[in-house]
Amino acid sequence: MFLLQSKLRECALSRETAAGRIRKRGIMSRKKIIAGNWKMNKTPSETIKLIEELKPLVATDEADVVFCVPAVCLTTAIEAAKGTNIAIGAENMFYEESGAYTGEIAPNMLTDIGVKYVIIGHSERREYFAETDETVNKKVLKAFEHGITPIVCCGESLTQREQGITIDWIRQQIKIAFLNVTAEQAKTAVIAYEPIWAIGTGKVATTEQAQEVCAAIRACIGEIYDAATAADIRIQYGGSVSAASAPELFAQPDIDGGLVGGASLKPDFGKIVHYNK
Ligand code: PGA
């Protein structure tokens, strides 16, 4: 009995130190990443105007700043952001190299024009365009193959949260999204935790809810790979992030920035980037 208790204590202690190690190493080395998701907004000419307006507001070397823009605005955005700290990302990409896939965009079309990031598996794509965990995995693998950093989205619905299955659901999404992804690749990935009920609703998750799930995602990455990978991967929160909510959210130990929809189209995005000022 005594032996069992001391064994259990030992286990708990070693778990604590593992979590502590992940935390310490991570906080020391992870740079925040704040990405705007423009969704289906802005024409190419409006893109120039918005980037002109935002570029002085988002200038920083403390965080990575990414604008994910509609496919037809990518070239214009890359031109407009030249010489700034803004990296340009796509909002989607197909998992084949080329061929008869009308309307789709191949990874080398993105790299050819200088796209650095791609959002994969946003809940709107899952809901309206039938993306599944399996297609998300194929796209993630393809993005890595081409040296594009995927921003891999996950998140639960309101029903799932109310049923108490949030963490199980997210772990499943993560495990499938990262199938056959190597630890070296995973270290450079970005995961965006976006509760579906918080997207575009003005209903931001509480800091505790967001931190709890982001910590669970990091632990899951630790299980799939190792403590070093868990410590390096960057995890964003997304869902109605605003200049008001960003400071507290981004100060959480497992939240490394945000994926921002509505507020990324406004000067407020500058305040979100400078959340700690
Ligand atoms: P929101 O969108 O900030 O408008 O809620 C976030 C997202 O969908 O990425």
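## A walk through a parallel barrel

By class, the shell around the ligand holds 5 nonpolar, 7 polar and 1 charged residues (Ala, Val, Leu, Ile, Met, Phe, Trp, Tyr, Cys and Pro count as nonpolar, Asp, Glu, Lys and Arg as charged, and the others, Gly among them, as polar). That makes a shell of 13 residues, of which N37, I199, G200, G261 and G262 are the closest; a residue is near the ligand if its C-beta atom, placed from the backbone, lies within 6 Å of it. The model is predicted, so to speak of local features we need pLDDT of at least 70, side-chain atom pairs count only at pLDDT 80 or more, and totals for chains, interfaces and linings use all residues. Residues are numbered from 1 along each chain as its sequence is written.

Let us step back to the fold. The protein chain has 13 helices and 8 strands, taken as DSSP runs numbered from the N terminus (helices are H or I with at least four residues, strands E with at least two). The 8 strands close into a barrel in the order β1-β2-β3-β4-β5-β6-β7-β8, with parallel pairing; two strands pair if DSSP finds at least two bridges between them. On average, neighbouring strands of this sheet are turned by 25 degrees against each other, direction ignored (axes are lines fitted to C-alpha atoms, for helices over the stretch in contact, and angles run from 0 to 180 degrees between N-to-C directions).

Start at β1, residues 32–37, which pairs with β2 in the parallel sense over 6 bridges. N37, listed among the closest residues to the ligand, has C68 as its bridge partner in β2. How many residues of β2 are buried? In β2 (residues 63–68), 6 of the 6 residues are buried, so the strand is largely enclosed by the rest of the structure. Here buried means 20 or more other C-beta atoms within 10 Å of a residue's own, exposed means 12 or fewer, and partly exposed lies in between. In a regular strand the side chains alternate between the two faces of the sheet. In β2, A63, V65 and F67 point one way, while D64, V66 and C68 point the other way.

Just after β1, K39 sits in the loop leading to α2 (44–54). Phi of K39 is near 55 degrees, a positive value in a residue other than glycine. K39 counts as partly exposed because it has 19 C-beta neighbours inside 10 Å.

Further round the barrel, β4 (residues 117–120) and β5 (residues 149–154) pair in the parallel sense over 4 bridges, with P150 in β5 as the bridge partner of V118. Helix α6 (residues 133–145) packs on the sheet here, touching β4 and β5, and its direction makes about 170 degrees with that of β4.

V118 also appears in the largest nonpolar core, of 79 residues, where V118, I151, V152, I191, Y193 and I217 touch the most other members. Such a core is a set of buried Ala, Val, Leu, Ile, Met, Phe, Trp, Tyr and Cys residues joined through C-beta atoms within 7 Å. Helix α10 (residues 207–224) gives the largest share of this core, 6 residues.

Finally, I233 lies in the loop between α11 (227–232) and β7 (234–238). With 24 C-beta neighbours inside 10 Å, I233 counts as buried. Beyond neighbours within four places in sequence, I233 is in contact (C-beta atoms within 7 Å) with A186, K187, A189, I191 and I221.

Note on methods:
Two residues are in contact if their C-beta atoms, placed from the backbone, lie within 7 Å.
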